[in-house]
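Work through these exercises with the sequence and the 3D structure at hand. Try each task before you read its solution.

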Amino acid sequence: MSCVFVLDPQRTPLAPVHPGRARYLLRAGHAAVLHRYPFTLILTDPKEAPATDATETPPPLLRLKLEPGSKTTGIAVINDATDQVVWAAEVSHRGQQVTDRLDQRRTVRHSRRSRHTRYRPARFANRRRPAGWLPPSLESRLANVLTWVARLRRLCPLGALSQELVRFDTHLLHNAEISGVAYQQGELAGYEIREYLLEKFHRTCAYCGATNTSLEIEHIVPRSRGGTHRVSNLTLACHACNTAKGAQTAAEFGHPHVQAQASAPLKDAAAVNATRWALYHRLTAFGLPVETGTGGRTKWNRTQRQLPKTHWLDAAYVGASTPPRVQVKGIHPLLITAQGRHSRQMCRTNAAGFPDKAPKATSVVGGFRTGDLVRAVVPATSVKAGVYVGRLAIRATGSCNLKTATGTMQGIHVRYCQPLQRGDGYAYAKGDAAFPPHA
Ligand SMILES: [Zn+2]
């Protein structure tokens with residue numbers, strides 16, 4: 001079960017509770033709903049909070065685990081003492097959208113400069129980027145993750161962080177190479193080697209260049225001809241090429257360059273992702289111990305347990321601290337989508353960049369803003385009669401759009417709306433459980 005976050009009346013996070021306990025607290029009037037997403041209660045009755053004297057055991061500290069991805073980041077909160085996933089989420093980033101918006105802005109400004117109009121003097125390439133600079137699209141991904149780490153820290157007692165940092169463990173790779181047991185199926189070292197090869201050969205077949213097919217680890221000098229299991233003798237091939245090559249060496253098969261590519265060491269930097277390292281450095285600033293894991297280990301952990309590939313499950317299996325059996329039944333991940341907050345563009349333009357539309361309208365109508373989660377009760381006298389729950393898109397007339405789970409309703413007036421949660425830059429939905437509770 002996904003647990004419910006609980007805060008005491010002073011907003012100190014308490015141990016998350018089972019949904020049944022949350023229902024009891026609400027029904028008995030001991031707690032009130034603080035946030036709908038993620039669902040959080042605040043105790044109104046201090047007696048319901050566990051005693052805080054020294055004889056009482058403190059609430060168990062939870063571990064927050066992250067699997068950063070370019071489009072989606074998986075988040076899982078785990079209780080290390082009970083091996084239970086307490087809460088999980090997947091954050092969808094808006095990296096491409098940020099890039100598109102900046103491209104659009106650049107075009108408009110460029111056109112304005114060349115028209116010799118006011119306000120936009122010529123600029124020169126005299127701007128220096130500070131050390132550690134990241135493009136805005138990557139910065140936005142990073143900010144999303146850090147926002148959620150900071151929020152979850154306010155909602156539950158966190159004691160440690162885990163993050164997937166690199167694709168493979170060079171140390172383990174090195175040891176495996178020496179011991180020669182290299183790539184045997186099921187070994188952790190085998191998974192690290194596979195990740196290394198995927199990185200080195202760009203996820204393609206080394207012989208025919210096929211992508212999006214299942215790739216097999218292949219010996220450049222075949223085992224039957226005395227080839228070793230060392231990483232420098234391994235490459236990736238599709239099944240067809242692997243079979244066709246048979247007992248030939250790569251050179252005999254007509255691909256001498258493969259041997260050269262396999263022998264050249266892959267620089268650490270090539271497999272290191274700047275964004276993930278930047279995230280790691282900023283996570284350490286929270287003052288909690290940060291455990292790092294490799295992609296190879298995450299995959300190994302997942303495959304050992306025969307689990308489907310989802311971002312939140314991957315997050316739950318990051319790092320060496322992962323217990324042998326993680327309790328994931330009945331967990332519905334919260335699907336969080338970054339939405340941005342309004343547009344700062346003051347003058348709307350047509351496709352050619354010419355200002356021809358009405359000036360930007362007010363963003364606050366009847367106390368509501370775009371992004372607020374509301375419940376609209378439209379009376380029976382209206383053609384749109386009904387009850388709708390969704391995310392509001394403000395229109396200056398007050399007759400707004402409401403994005404519900406089933407679709408967008410147009411022309412819902414703010415006078416019918418009740419706020420459920422103020423816009424915080426994200427949209428929310430409930431994801432499907434990977435494992436239903438009674439399966
Ligand atoms: Zn091939």
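**Exercise 1. Two helices that cross**

Is the crossing of H2 and H3 right-handed or left-handed?

Solution.
Step 1. Know the model. It is predicted, so local features need pLDDT of at least 70 and side-chain atom pairs count only at pLDDT 80 or more, while totals for chains, interfaces and linings use all residues. Residues are numbered from 1 along each chain as its sequence is written, and side-chain values use heavy atoms, with hydrogens and water left out.

Step 2. Find the helices. H2 covers residues 95-114 and H3 covers residues 136-155. Helices (H or I, at least four residues) and strands (E, at least two) are DSSP runs, numbered from the N terminus.

Step 3. Judge the hand. The crossing of H2 and H3 is right-handed. A crossing is right-handed if the near helix is turned clockwise from the far one by less than a right angle, and left-handed if anticlockwise.

Step 4. Name the contact residues. H2 brings Gly95, Val98, Thr99 and Leu102, and H3 brings Pro136, Ser137, Ser140 and Arg141. Contact means heavy atoms within 4.5 Å.

Step 5. Add the geometry. The helices pack at an angle of about 145°, and their axes are 8 Å apart. Axes are lines fitted to C-alpha atoms, for helices over the stretch in contact, and angles run from 0 to 180 degrees between N-to-C directions.

Step 6. Zoom in on serine 137, which lies in H3. Setting aside neighbours within four places in sequence, serine 137 touches Gly95, Val98 and Thr99. Serine 137 is buried because its relative accessible area is 12%. The cut-offs are: buried under 20% relative accessible area, exposed over 50%, partly exposed in between (1.4 Å probe, protein chains only).

**Exercise 2. The zinc site**

Which residues coordinate the zinc ion? Why does the arrangement count as tetrahedral?

Solution.
Step 1. List the donors. They are the SG atoms of Cys205, Cys208, Cys238 and Cys241, at 2.2 to 2.3 Å. Donors are N, O and S atoms within 2.8 Å of the metal (3.2 Å for Na, K and Ca); water is not among the atoms, so sites may look incomplete.

Step 2. Read the spacing. Along the sequence the donor residues follow C-x2-C-x29-C-x2-C.

Step 3. Check the angles. The four donor atoms subtend 102 to 114° around the zinc ion, so the arrangement is tetrahedral. Four donors count as tetrahedral if all angles lie between 85 and 135 degrees. The ideal angle for four tetrahedral donors is 109.5 degrees.

Step 4. Check the exposure. Cysteine 205 is buried because its relative accessibility is 2%. Cysteine 238 is buried too, at 8%. Cysteine 208 has 47%, so it is partly exposed.

Step 5. Look for disulfides. The whole structure has zero. A disulfide is a pair of cysteine sulfur atoms within 2.5 Å.

**Exercise 3. Backbone details in loops**

Where is proline 38 found? What is the phi of histidine 202?

Solution.
Step 1. Proline 38 is in the loop between strand S2 (31-35) and strand S3 (40-43). A cis peptide bond joins tyrosine 37 to proline 38, with omega about -15°.

Step 2. Histidine 202 has a phi near 55°, a positive value in a residue other than glycine. Histidine 202 sits in the loop between H5 and strand S8 (215-219). Its relative accessibility is 61%, so histidine 202 is exposed.

Step 3. Arginine 203 is in the loop between H5 and S8. Its phi is positive, about 55°, although arginine 203 is not a glycine. Arginine 203 is partly exposed because its relative accessibility is 39%.

**Exercise 4. A covered helix**

Which residues of H10 are buried?

Solution.
Step 1. H10 spans residues 295-304, and its buried residues are Gly295, Gly296, Thr298, Trp300, Asn301 and Arg302.

Step 2. Find the cover. It includes strand S7 (158-166), helix H5 (188-200), strand S10 (290-294) and helix H11 (311-316).

Step 3. Step past the end. Just after H10, glutamine 306 has a positive phi of about 50°.

**Exercise 5. The whole chain**

How many helices and strands does the protein chain have?

Solution.
Step 1. The protein chain has 11 helices and 19 strands.

Step 2. Of its 439 residues, 41% are buried.

Definitions and conventions:
Tetrahedral: all angles 85-135°; square planar, octahedral: opposite > 155°, others 65-115°.
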